[in-house]
Amino acid sequence: LLFEMLRSTRKHSKSTWKVLIMDKLTVKIMSYSCKMADITEEGVSLVEDLYKRRQPLPSLDAIYFIQPTKENIVMFLNDMSGRNPLYKKAYVFFSSPIQKELVAQIKKDSSVLPRIGALSEMNLEYFAIDSQGFTTDHERALEELFSENALDSQKYNACLNTMATRISTVFASMREFPRVHYRVAKTIDASVTTTLRDLVPTKLAAAVWNCLSKYKTSIPDYPQTETCELLIVDRSVDQIAPIIHEWTYDAMCHDLLSMDGNKYVHEVPSKNGSSTEKKDVLLEDHDPIWVELRHAHIADASERLHDKMSNFVSKNKAAQLQQARTGGEISNRDLQKMVQALPQYSDQIEKLSLHVEIAGKLNNIIREQGLRDVGQLEQDLVFGDAGTKELINFLRTQLGVSRENKLRLLMIYAAINPEKFESDKGEKLMQLAGLSADDMIAVSNMRCLCGPETKKSSGGGFTLKFDVHKKKHGIRKERTGEESAWALSRFYPVLEDLIEKLSKGELPKDEYYCMNDPSPSFHGLPMSSSVRTSPAHQPAHSMRSRRTGGTWARPRGSDDGYSSDSVLKHSSSDFKKLGQRIFVFVIGGATRSELRAVHKLTSKLKREVILGSSSLDDPPQFITV
């Protein structure tokens, strides 16, 4: 966006400053990726909305970053045609491929043509939510593609086609050409009708493949052979991940605090120190303490923050004086006052005090809501160490548990034992939990995601009904060799297993098909070591050089209050040395635990893993979708 779009206009433009014009979607794409200061640095003095009345600036050039829709083209032509155009010259960049008819419409206007400095397809129509995550902005995908009413083919097809176009622009912008793996319909069987719901991954894979095939001829330098892997699955591969309490710092913040996206409202002392004022802060990659702690267990994060605080005090005389004055522990309030007393440390103390406040709030909520007991039962249900009896006992005795947490427990139970809700047992459990008829809808929707009755295949896949003869009904098996020092760390998303299987070339063939059956030199298929290492058979790599400023590396815990930026300094580690990228796309919303898993697997597999989804859902949103 900054270099290939904004900076490219400098060569041909005579005006030093330019106007940047965007529509509702592209302004979001830009705001997820860049800060206003970045844009200004590239010579943009004003950012405008395509659909608002704008002041004519005939001495300035304009950059349009817009979707290639009929309405947007009409607005653009209105701006630039006739005797008095709004701007001197226009550099137009489309977020996805434009239809030929719309190009013809632009060419038809002879007054506009000489005023166009560039007309280009940027092919960048997705939201970068993280250095290794993106969404296509389809928050209602579950409803539009999987609900009983999804047969309204217009909505269904529009949702699928836009999603496919946006996923494809990820590969266009990164100059990658993937092998497209997808989860096949569970019911391709003469005796059972295959529903539209079952076909979603198949249809999406075909639509993505169609877009990518066009790129091979339309984009200069686009790879002609496969350079990476893409796996397309839907939310039914793991219905528990969006509901269960995930105990990492990032997930807890978004689950338990009323955050607006990544925005947290932080209370700081006012300038005169007599009261407090509210300040919006973003919990994002530019905050080194956040980057270091986001995937840590909440107990680990709290301990590390305490250590940072102690280290800061031990190295700072003014902080020691404050400690002596208060006679012991420095409170968060004292820390905030220090910001004013020690301006040279203000940025470090502010970040530290912010995270101390957040961790304190989270630990209070965990205590007040009795979440440790809830979390223990959730994980016991998932791993088969608890069943109906323990759930009934919990609902009878734990009267202080909130309605939402009881609902989440029952949704997990319904995902593991859908058959129990086919009799009146489910209704009795709902009554015991004191849940309403509306809540019952959320629980029965979980059963919709289960799909038709199938027994667990011996191929090790993840169908969601289990063989009744098994003693343990848990959906997850314990992972060996990954024991954690922290309680409630057993849970892992199914996606983690699938990515590892894909990396080894071990996805069950009866459940996952590939659009472009790979050639023998494809990484992961059995072949002799001599073939694997010979230069002629090296797998192709992305045509776009790898960035070296990623933040995926295992954080090096900094031992003082303000040098967490060591995470960023040490983590440029060798994206260049990594193997082919793995992309995985989840239709129907991804979770924070899945985002954490792709960061973890990048280090483990030595391949950059990127997670895409129709949206990123936290439990409160997922339950109410």
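Biologist: Where does T591 lie?

Modeller: This is a predicted model, in which local features need pLDDT of at least 70 and side-chain atom pairs count only at pLDDT 80 or more, while totals for chains, interfaces and linings use all residues. Residues are numbered from 1 along each chain as its sequence is written, and side-chain values use heavy atoms, with hydrogens and water left out. Helices (H or I, at least four residues) and strands (E, at least two) are DSSP runs, numbered from the N terminus. On that footing, T591 is in the loop between β13 (579–587) and α23 (592–605).

Biologist: Why does T591 count as buried or exposed?

Modeller: Buried means under 20% relative accessible area, exposed over 50%, and partly exposed in between, with a 1.4 Å probe and protein chains only. Because the relative accessibility of T591 is 2%, T591 counts as buried.

Biologist: How many aromatic pairs does a search of the whole structure find?

Modeller: Rings of Phe, Tyr and Trp (its six-membered ring) pair if their centres lie within 6.5 Å, and planes under 30 degrees apart count as stacked, over 60 as edge-to-face and the rest as tilted. By this rule, the number of aromatic pairs found in the whole structure is twelve.

Biologist: How is the aromatic pair of Y249 and W290 classed, by centre-to-centre distance and the angle between the planes, and what is that class called?

Modeller: The centres of Y249 and W290 are 5.7 Å apart, with 50° between the planes. This pair links distant parts of the chain, with Y249 in helix α9 (residues 249–256) and W290 in helix α10 (residues 288–293), 41 residues apart. Y249 and W290 are both buried, and their pair is classed as tilted.
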